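Me: I would like a close look at a single part of this protein model. Please describe the aromatic rings and what surrounds them, in terms that a first-year student can follow.

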Amino acid sequence: MQTIHRILVSGLALAGVTTVSAEPYNTFDGEGFPACNDVALVHNATSVDDIVNIVKNASANGTPVRASGKGHMWYDTMCSDNPETIIVRTEFVNGISNFSLEEGAESGTVDIEAGVTFLQFAEYLHANNASMGYTLVNWNITMAGAVAMGGHRSAIREESMVAAGVLSMDIVNGNGDIVTVERDDNNDDWLAASTSLGLLGIIVRMKFKIYPDFKVFAKQETLDEEDVLNGDIYGMIAPYATANFWWWPYMRKFHWRYYDVIPLTLSDQQGFQNTFSISDTEAAIAKATLESGRYLATSNMFFETTAFTLWSAPNFREKTTWQTILEWPVYGWNYDVLIGGLYPDQKPEWEENLHGATLELAFPMTQANDMLKRVRQAFDDEAKKGIIMTSTYRSGINIKFGKPFYNFLGQVTYNTSDGADWTKGAIMFDFPTYKPTTGDGKRFNEDFYPRLAKTLIDEFQCRPHWTKNTREVFANATKNLDPDNLARFKVVRQKFDPQGIFKSIIGEILGMYD
């Protein structure tokens, strides 16, 4: 019966269009890591008109639809649990047009379609002597997906929300109509669309603000843990164009990385950062160590100590020769240094069967020291029981930051009912951990992670990252969101998608369909 139903869904919603059957629909991590547990089919959209037709047909038949770019997420929260759901992959709808940046101008604009990835966009702009400023995300994410899910760079001085670069966006709503939403902080449509969670429809086109190309430096220092936990965190981050920490809890150390603009003529170096790539040999050693760390804390201690040493050196190569860069600071063109990507002789971690789970929560900058100390206390409480917690990720625990940006559901919005001061920005606690593939797949001291999440959500006015948390985390964290913002978002959601065909688990948890 289910097979017959899937055929009917395909015929009604996608008549005559090539589809790829898939259940479940996976994250970028691949098989065993579902973004949606069970979907009817996956459609590789080929144009904006194609997306419009898909949604119109789905709307006429009441068929659930969710858009997906590169599947850059970690848990099964992208769809609802309705097995009739159609996934519309936007990756191949990736046109860039209407580039405009006059010589000597401070800024310009360009139009990008739904499937344009950060890497594609950055390379296009660089070829045209332009950049997107600091509204950056990782290389394997679509720009529209980053906007929908509230993606951001780590910066307090500069605009870091990807949505901050958007001047307008075209959304295919629940009726299959294209609605243009202009940037306007006094318009609830914009305040919802700028972090929409895909609940309003599919972002098919954006007009994006661009700037002249520029070069930057990257510098890294090693700090004792107490110098950060008891230090002026805002004062270490805010002066720079972008900056972050990496925390090594077993070592009780932090790496402090910061970047800023340099004159174009200061250096001919063309540094290129390695974000996710790894060699076959490195992957084999890491996997053997981390799999044994499922049972042995000593393996995790060894891994953190080794990873700390490796991350203390520049994770950069010279782009013109691909030779390793050995000393800080590193210089180069903006996106090469700020983000980078894959080395040509390596693969991303997930293609080496290295996978992870994660937790990310945002806190007001005014609570930064207290939050980090509370996490330290949680680690120490485990140590009192003879359980040593470590980082099991190549760059430690990522501590990021965000400049305030006002909308309904963004991590860095402000003037909310929680009484916290978000006007200085946010600190993000991003805790990636290795997920074993042996045994039951649970991590070392598995129950620590949900306990830590609950402690932080219950004791602080924190907000979830929309792609990096479990259903349970979202359910608990919803109490920290502004009820008025949720209510106003819901009104916009009902206007754009009256049938609720773009429903997701997160939308259900937030009460958008009650």
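Reply: The following account treats the aromatic rings, and then a contact between two helices.

The model is a predicted one. Across the whole structure, a search finds 29 aromatic pairs. A pair of aromatic rings is described by two quantities, the distance of the centres and the angle of the planes.

One of the pairs is formed by Phe272 and Trp322, with 5.3 Å from centre to centre and 85° between the planes, an edge-to-face arrangement. This pair links distant parts of the chain, 50 residues apart. Phe272 belongs to strand 15 (residues 271-273), whereas Trp322 is in the loop between strand 17 (316-318) and strand 18 (323-324). The accessibility of each partner can also be stated. Phe272 counts as buried because its relative accessibility is 6%, and buried means under 20%. Trp322, at 28% relative accessibility, counts as partly exposed.

A further pair consists of Phe316 and Trp328. Their ring centres are 5.9 Å apart and their planes stand at 85°; the pair is therefore edge-to-face, a term that applies to planes over 60 degrees apart. Phe316 is part of strand 17, and Trp328 is in the loop between strand 18 and strand 19 (330-333), so this pair ties together parts that are 12 residues apart in sequence. Phe316 is buried, with a relative accessible area of 1%. Trp328 counts as buried too, at 18% relative accessibility.

Aromatic residues also gather in a group. Phe245, Trp247, Phe254, Phe379, Phe401, Phe429, Phe431, Phe448 and Tyr449 form one aromatic cluster.

Two members of this cluster, Phe379 and Phe448, also take part in a contact between helices. Helix 11 (residues 368-384) and helix 12 (residues 448-459) pack at an angle of about 145°, and their axes are 11 Å apart. The crossing of helix 11 and helix 12 is right-handed. On the side of helix 11, the contact involves Met371, Arg374, Val375, Ala378, Phe379 and Glu382. These residues meet Phe448, Arg451, Leu452, Thr455, Leu456 and Glu459 of helix 12. Sorted by class, the contact of helix 11 with helix 12 comprises 7 nonpolar, 1 polar and 4 charged residues.

Finally, charged side chains are placed over aromatic rings. The charged end of Arg463 sits over the ring of Trp422, at 3.5 Å from the ring's centre. Lys215 lies over the face of Trp333, 5.0 Å from the ring centre.

Methods
Residues are numbered from 1 along each chain as its sequence is written. This is a predicted model: local features need pLDDT of at least 70, side-chain atom pairs count only at pLDDT 80 or more; totals for chains, interfaces and linings use all residues. Side-chain values use heavy atoms; hydrogens and water are left out. Axes are lines fitted to C-alpha atoms, for helices over the stretch in contact, and angles run from 0 to 180 degrees between N-to-C directions. Helices (H or I, at least four residues) and strands (E, at least two) are DSSP runs, numbered from the N terminus. A crossing is left-handed if the near helix is turned anticlockwise from the far one by less than a right angle, and right-handed if clockwise. Contact means heavy atoms within 4.5 Å. Ala, Val, Leu, Ile, Met, Phe, Trp, Tyr, Cys and Pro count as nonpolar, Asp, Glu, Lys and Arg as charged, and the others, Gly among them, as polar. Rings of Phe, Tyr and Trp (its six-membered ring) pair if their centres lie within 6.5 Å; planes under 30 degrees apart count as stacked, over 60 as edge-to-face and the rest as tilted. Buried means under 20% relative accessible area, exposed over 50%, partly exposed in between (1.4 Å probe, protein chains only). A charge sits over a ring if NZ of Lys or CZ of Arg is within 6 Å of the ring centre and within 35 degrees of the ring normal.
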